[in-house]
Amino acid sequence: DDERYTRAVAARDEAEQRFRLTHPARVLRVERVGPLPEVQADAALLRRVLDNLLDNAHKYSDPAEPVRLIAEQEGAAVRLEVRDRGIGIAVALERA
């Protein structure tokens, strides 16, 4: 295996497991949209990004609302998305 490649499905599933262990009372909905390919990415950085996004969703959204983790293939790429009903980012900062 080439170290630059990681399995997107493993990244998603491991992020889900870490979130559920860290925040057992929080609802996490994982949307699995078809099979996921290997992707060229740094596995450690991908882990950090997913953990940060999920932790922010937990911290800054209503605890009664679920956090969603979505993973799907888009052409040759994979889109990993975290969605919540949080306070959001000010429009002025979105493109900064």
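Is Leu-50 buried or exposed, and what is its relative accessible area? In this predicted model, Leu-50 is buried, with a relative accessible area of 3%, and the legends below set this residue among the elements and contacts of the chain.

**Figure 1. Overview of the predicted protein chain, with three helices and five strands.** Read from the N terminus, the elements follow the order β-α-β-β-α-β-β-α. Taken along the principal axes, the C-alpha atoms fill a box of roughly 40 × 35 × 25 Å. The chain has 96 residues, and buried residues make up 31% of them. Of the contacts between residues at least 6 apart in sequence, 70% join residues that are at least 24 apart.

**Figure 2. Close-up of Leu-50 in helix α2.** With a relative accessible area of 3%, Leu-50 falls under the 20% limit and is therefore buried. Not counting residues up to four places away in sequence, Leu-50 touches Ala-11, Ala-15, Leu-69 and Leu-80. The C-alpha atom of Leu-50 is separated by 12 Å from that of Arg-83, a residue 33 places apart from Leu-50 along the chain.

**Figure 3. The largest nonpolar core, a set of 12 residues.** The members of this core are Ala-11, Ala-15, Phe-19, Leu-28, Val-30, Leu-46, Leu-50, Leu-54, Ala-57, Val-67, Leu-69 and Val-82. Two or more residues are given to the core by each of α1 (8–22), β2 (28–33), α2 and β4 (67–74), and the largest share, four residues, comes from α2. A second, separate core has five residues, among them Ala-8, Val-9, Leu-36 and Val-39. In soluble globular proteins, nonpolar side chains tend to be buried together. Within the largest core, Leu-28 touches Glu-16, Phe-19, Arg-20, Leu-54, Val-67, Arg-68 and Leu-69, when residues up to four places away in sequence are not counted.

**Figure 4. Helix α1 and the elements against which its buried residues pack.** The 15 residues of α1 should span 21 Å at 1.5 Å a residue, and the C-alpha atoms at the ends of the helix are 21 Å apart, so the expected and modelled spans agree. The residues of α1 that are buried include Ala-8, Val-9, Ala-10, Ala-11 and Arg-12, together with Ala-15, Glu-16, Arg-18 and Phe-19. These buried residues pack against the strands β1, β2, β3 (38–40), β4 and β5 (77–83), and also against α2.

**Figure 5. Close-up of Thr-6 in strand β1, which covers residues 5–7.** The relative accessibility of Thr-6 is 14%, which is under 20%, so this residue counts as buried. Leaving out residues up to four places away in sequence, Thr-6 touches Pro-37, Glu-38, Val-39, Ala-41, Ala-43 and Leu-46. Among these contacts, Leu-46 is also a member of the largest nonpolar core, whereas Val-39 belongs to the second, separate core.

**Figure 6. Close-up of Ala-71 in strand β4.** Ala-71 counts as buried because its relative accessibility is 0%. When neighbours within four places in sequence are left aside, Ala-71 is in contact with Arg-12, Glu-31, Arg-32, Val-33, Leu-36, Arg-79 and Leu-80. One of these residues, Arg-12, is itself among the buried residues of α1. Ala-71 and Glu-81 are 10 residues apart in sequence, and their C-alpha atoms are 6.4 Å apart in space.

**Figure 7. Two exposed residues, Arg-48 and Pro-24.** Arg-48 has its place in helix α2 and, at 54% relative accessibility, lies over the 50% limit and so counts as exposed. Between the C-alpha atoms of Arg-48 and Asp-84 there are 18 Å in space, with these positions 36 residues apart in sequence terms. Pro-24 lies in the loop between α1 and β2, and its relative accessible area of 69% is the reason why Pro-24 is classed as exposed. From Pro-24 to Glu-81, 57 residues apart in sequence, the C-alpha to C-alpha distance is 20 Å.

**Figure 8. The largest pocket and the residues that line it.** The space in this pocket amounts to about 250 Å³. Its lining is made up of Leu-53, Asn-56, Ala-57, Tyr-60, Val-82, Asp-84, Gly-86, Ile-87, Gly-88 and Ile-89. By class, six of the lining residues are nonpolar, three are polar and one is charged. Helix α2 (residues 43–59) provides the largest share of the lining, three residues. Both Ala-57 and Val-82 line the pocket and are also members of the largest nonpolar core.

Definitions and conventions: Residues are numbered from 1 along each chain as its sequence is written. This is a predicted model: local features need pLDDT of at least 70, side-chain atom pairs count only at pLDDT 80 or more; totals for chains, interfaces and linings use all residues. Side-chain values use heavy atoms; hydrogens and water are left out. On a 1 Å grid over the protein atoms alone, a cavity is a set of points where a 1.4 Å probe fits but cannot get out, and a pocket is an open set with protein on both sides within 12 Å along at least five of seven lines; lining residues have an atom within 4 Å of a point. Grid points are joined across faces, edges and corners, and a volume is the space filled by probe spheres set on the points. Ala, Val, Leu, Ile, Met, Phe, Trp, Tyr, Cys and Pro count as nonpolar, Asp, Glu, Lys and Arg as charged, and the others, Gly among them, as polar. Buried means under 20% relative accessible area, exposed over 50%, partly exposed in between (1.4 Å probe, protein chains only). Contact means heavy atoms within 4.5 Å. A nonpolar core is a set of buried Ala, Val, Leu, Ile, Met, Phe, Trp, Tyr and Cys residues joined through side-chain atoms within 4.5 Å. The expected span of a helix is 1.5 Å times one less than its number of residues.
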